[in-house]
Amino acid sequence: MSRSSFAMALLLAAFAAAATANGGAAPAASDFIRKSCRATQYPAVCVQSLASYGGAGAPPPRSPRELARAALSVSVDKARSASTYVGHICGPGGGRGGAGGAGPVRDCLENMADSVGHLRDAAQELGGNMGRAGSPGFKWHLSNVQTWCSAALTDENTCLDGLSRGVDAATRSAIRGKIVEVAQVTSNALALVNRVAPAN
């Protein structure tokens, strides 16, 4: 075996060992996510969106509070992406190609901007110093998070409702897919926030 082949074999063996080591830790985190996601309205979406949260090397969520924070972060990212998408469709003229529905689409854009703000506030609140678990201060902060999540979900549903009136089918279909995805992860995030007990 040549020196380069030997070095390559050692490198592949090191990768295999690392994968085996990581594989031993992953199932516990996956089980936690899977079990927690059963309490959500869209469990498959929940598992899919949180399984790869944080990317390679990032520690997986291991408590209800960490998982709720991760879910909120996913929701913020998806809401921001959807808002940008609606903004492109809306365009400077107020609608796709100047077609009817400019008003509802602009309203949807405003709803999504509000949703992003509410979700960002919720994520910051849950990630901040909420005080001693079980204290009145902790419960107050948690109530704020729940309120902001609910407000974001209302914004998203208001956008969807508005699209049902006076918007052409192509525009409605293009936006609806994005907003439904955001509404699903937001609903899941709220369900996971609701599981954050005072002891977490």
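These are my notebook entries on the core, the disulfides and the charged pairs of this structure.

**Entry 1: before starting**

I reminded myself that I'm looking at a predicted model. I kept to the numbering that starts from 1 along each chain.

**Entry 2: the nonpolar core**

I wanted to know which residues of the largest nonpolar core touch the most other members. I found L50, L72, L126, I175, I179 and V193, out of 43 residues in that core.

Next I looked up where the core residues come from. Six helices each supply at least two of them: α1 (3-37), α2 (43-51), α3 (64-90), α4 (102-127), α5 (136-163) and α6 (169-193). Which helix gives the most to this core? I noted α3, with 12 residues.

**Entry 3: a look around L50**

I picked L50 from the list of residues that touch the most other core members and looked up its contacts. I skipped the neighbours within four places in sequence. What's left is I33, C37, L67, A70, A71, V74 and L192. I put a mark beside C37 in that list, as I expected to come back to it with the disulfides.

**Entry 4: disulfides, the pair C37 and C46**

How many disulfides does the structure hold? I counted 2.

I started with C37 and C46, whose sulfur atoms sit 2.0 Å apart. I then checked the twist of this link: the angle about the S-S bond is -65°, which makes the link of C37 and C46 left-handed. Are C37 and C46 buried or exposed? I found both of them buried. So my marked residue C37 has two entries now: C37 is in contact with L50, and C37 is bonded to C46.**Entry 5: disulfides, the pair C108 and C159**

The other bonded cysteines I looked up are C108 and C159, with their sulfur atoms 1.9 Å apart. The link of C108 and C159 is left-handed, with -60° about the S-S bond. This pair joins distant parts of the chain: C108 is in helix α4, C159 is in helix α5, and 51 residues separate them. I found both C108 and C159 buried.

I also wrote down the pairing pattern. With the bonded cysteines numbered in sequence order, the pairing reads 1-2, 3-4.

**Entry 6: staying with C159**

I stayed on C159 in helix α5 for a bit longer. C159 counts as buried because its relative accessible area is 1%, under the 20% cut-off. What does C159 touch, once residues up to four places away in sequence are not counted? I listed C108, N111 and I179. I179 was already in my notes as one of the core residues that touch the most other members.

I looked up P104 too. P104 and C159 are 55 residues apart along the chain, and their C-alpha atoms are separated by 7.8 Å.

While I was on cysteines, I checked C149 as well. C149 is buried, with a relative accessible area of 0%.

**Entry 7: salt bridges within a helix**

I moved on to charged pairs and found 3 salt bridges in the structure.

R34 pairs with D31, and the closest N and O atoms are 2.6 Å apart. Both R34 and D31 lie in helix α1, 3 residues apart, which is about one turn of the helix. R34 counts as partly exposed, at 40% relative accessibility. D31 counts as partly exposed too, at 32%.

R80 pairs with D77, and here the closest N and O atoms are 3.5 Å apart. Why are R80 and D77 about one helical turn from each other? They are 3 residues apart in helix α3, so about one helical turn separates them. R80 is partly exposed at 37% relative accessibility, and D77 is partly exposed with a relative accessible area of 44%.

**Entry 8: a salt bridge between helices**

The side chains of K78 and E181 meet in a salt bridge, at 2.8 Å from N to O. Where do these two residues sit? I found K78 in helix α3 and E181 in helix α6, 103 residues apart, and the pair links distant parts of the chain. K78 counts as partly exposed at 26% relative accessibility, and E181 is partly exposed at 34%.

**Entry 9: rings**

Last, I looked at the aromatic rings. How many aromatic pairs does the structure hold? I wrote down 0. I did find a charge over a ring, though: K178 lies over the face of Y85, at 5.1 Å from the ring centre.

Key
Predicted model: local features only at pLDDT ≥ 70, side-chain atom pairs only at ≥ 80, totals over all residues. Heavy atoms only, no water. Phe/Tyr/Trp six-rings, centres within 6.5 Å; stacked < 30°, edge-to-face > 60°. Lys NZ or Arg CZ within 6 Å of the ring centre and 35° of its normal. Core = buried A, V, L, I, M, F, W, Y, C linked by side-chain atoms within 4.5 Å. Buried < 20%, exposed > 50% of the residue type's maximum accessible area, 1.4 Å probe, protein only. Helix = DSSP H or I, 4+ residues; strand = E, 2+ residues; numbered from the N terminus. Contact = heavy atoms within 4.5 Å. Disulfide = S-S within 2.5 Å. Salt bridge = Lys/Arg side-chain N within 4 Å of Asp/Glu carboxyl O.
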